[in-house]
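Visitor: Could you take me on a close look at one part of this protein, the sheet, and then show me what else is worth seeing around it?

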Amino acid sequence: MTASIGIIGARGHTGAELIRLLAAHPGFELAAVSSRELDGQRVGAHVPEYGGELRYSNLAPDALASAGLDAWVLAMPNGRARAYVDALASGGGDPVIVDLSADHRFDDEWYYGLPELTRDGYAGQRRIANPGCYASAMQLAVAPMLDLVDGPVQCFGVSGYSGAGTTPSERNDPDKLRDNLMPYALVDHLHEREVTRHLGTEVEFMPHVAPHFRGITLTANLHLHEPVAAEAVEAAYRARYEGEPLIRVCTDAPWVSHIAGRHGVEIGGFTVSADGRRLVVVATLDNLLKGAATQALQNLNLAFGRPEVEGIPLDWPPAPTL
């Protein structure tokens, strides 16, 4: 049975990626796409991969319940989800809601949907908080070594400027970023608190924006309470993520240019200090895909009992040669 899906906040980069994924999905129908700026325009005029006649609309919160859709994806900036969630809760019915903002990532009443790490905790919840892009990379990079972590994990992140959204700012201005690396929010970043909460270990995160458009490189520095060998670490990561179609473990450090436009995560570059008690791991993912839209589709598949990676292209070319 086909499920009807609506998107609120579809003008942004993530909304466009989600439209592309839903347009090709065999079990989901894109039934509503809301954007104030694009109201009345054909979706296909902005996302050519969508071939239908659907047009963008400007949906107020109280209009959602009457639409009668099976699920809504909220792809809006932080702090904007509440009115839509409240309207759906009071309007009857019980649609699935996937919130791409940070508004519900700290709410225990919502399922935190990083499937590779949390799917065992999914028990039919209709409210799903999509993890942050950096937060996904950090958790997947650290999780296999969590039992050995001794003290805070330091994470140095570099993202393409699409992660700053479409509202103009210095963090998504190609001219200002050219030949530059822009640090920001170097303590108490939202994703730092998110990862600390969900991994259960302290994380110190230092984000930066780079001149490329999409893709995250995340380097995690872990101090360990017992020595390890790099070969054993790599084997542990391969065992932990065996059978995960969206995660590839590689020996060398992954390249962000290799992951851009692809739906998975690459983890590698395992490097150990001489005493074996310091480990550095590198993870890359596309912030708009596995960091947002692809993960949202995984969560929708999970909510509707479909195969988790249905509708997600599993395109893994050979790893680049260093």
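Guide: Happy to; here is a walk through the sheet, followed by a ring pair, a pocket and a cavity. Please keep in mind that this is a predicted model.

Let's begin with the sheet itself. It is an open sheet of 7 strands, and reading across it gives the order E9-E10-E8-E11-E14-E13-E12, with mixed pairing. The two edges are taken by strand E9 (182-183) and strand E12 (247-249); each has a single partner strand, so one side of each is left without a neighbour in the sheet. As a reminder, strands of a sheet pair through backbone hydrogen bonds, either parallel or antiparallel.

Now follow one pairing inside that order. Strand E11, residues 216-223, runs antiparallel to strand E14, residues 278-285, and 8 bridges join the two. If you want a spot to rest your eye, pick Leu218, which stands opposite Ala283 in E14.

Next, bring in the helix. Helix H6, made of residues 133-142, lies across E11, E12 and E14, and also across strand E8 (153-159), strand E10 (203-209) and strand E13 (265-272). Relative to E11, helix H6 runs at about 40 degrees.

From here we can turn to the aromatic rings. A pair of aromatic rings is described by the distance of the centres and the angle of the planes. The model has 5 aromatic pairs. In one of them, the rings of Tyr111 and Tyr122 have centres 5.0 Å apart and planes at 70 degrees, so the pair is edge-to-face. Tyr111 belongs to strand E6 (residues 111-112), while Tyr122 sits in the loop between helix H5 (115-118) and strand E7 (127-129), so the pair ties together parts that are 11 residues apart in sequence.

Helix H5 comes up again at the second largest pocket, where H5 and helix H8 (190-199) each supply at least two residues of the lining. This pocket holds about 150 Å³ of space. Its lining consists of Leu117, Thr118, Gln139, Ala143, Pro144, Leu146, His198, Leu199 and Arg240. By class, that lining divides into 5 nonpolar, 3 polar and 1 charged.

Last comes enclosed space. A search of the whole structure finds 1 cavity of 30 Å³ or more, and the largest cavity has a volume of about 30 Å³. Around it you will find Leu246, Arg262, His263, Gly264, Pro313, Leu314, Asp315 and Trp316. The lining of this cavity counts 4 nonpolar, 2 polar and 2 charged residues.

Definitions and conventions
Residues are numbered from 1 along each chain as its sequence is written. This is a predicted model: local features need pLDDT of at least 70, side-chain atom pairs count only at pLDDT 80 or more; totals for chains, interfaces and linings use all residues. Side-chain values use heavy atoms; hydrogens and water are left out. On a 1 Å grid over the protein atoms alone, a cavity is a set of points where a 1.4 Å probe fits but cannot get out, and a pocket is an open set with protein on both sides within 12 Å along at least five of seven lines; lining residues have an atom within 4 Å of a point. Grid points are joined across faces, edges and corners, and a volume is the space filled by probe spheres set on the points. Ala, Val, Leu, Ile, Met, Phe, Trp, Tyr, Cys and Pro count as nonpolar, Asp, Glu, Lys and Arg as charged, and the others, Gly among them, as polar. Two strands pair if DSSP finds at least two bridges between them. Helices (H or I, at least four residues) and strands (E, at least two) are DSSP runs, numbered from the N terminus. Contact means heavy atoms within 4.5 Å. Axes are lines fitted to C-alpha atoms, for helices over the stretch in contact, and angles run from 0 to 180 degrees between N-to-C directions. Rings of Phe, Tyr and Trp (its six-membered ring) pair if their centres lie within 6.5 Å; planes under 30 degrees apart count as stacked, over 60 as edge-to-face and the rest as tilted.
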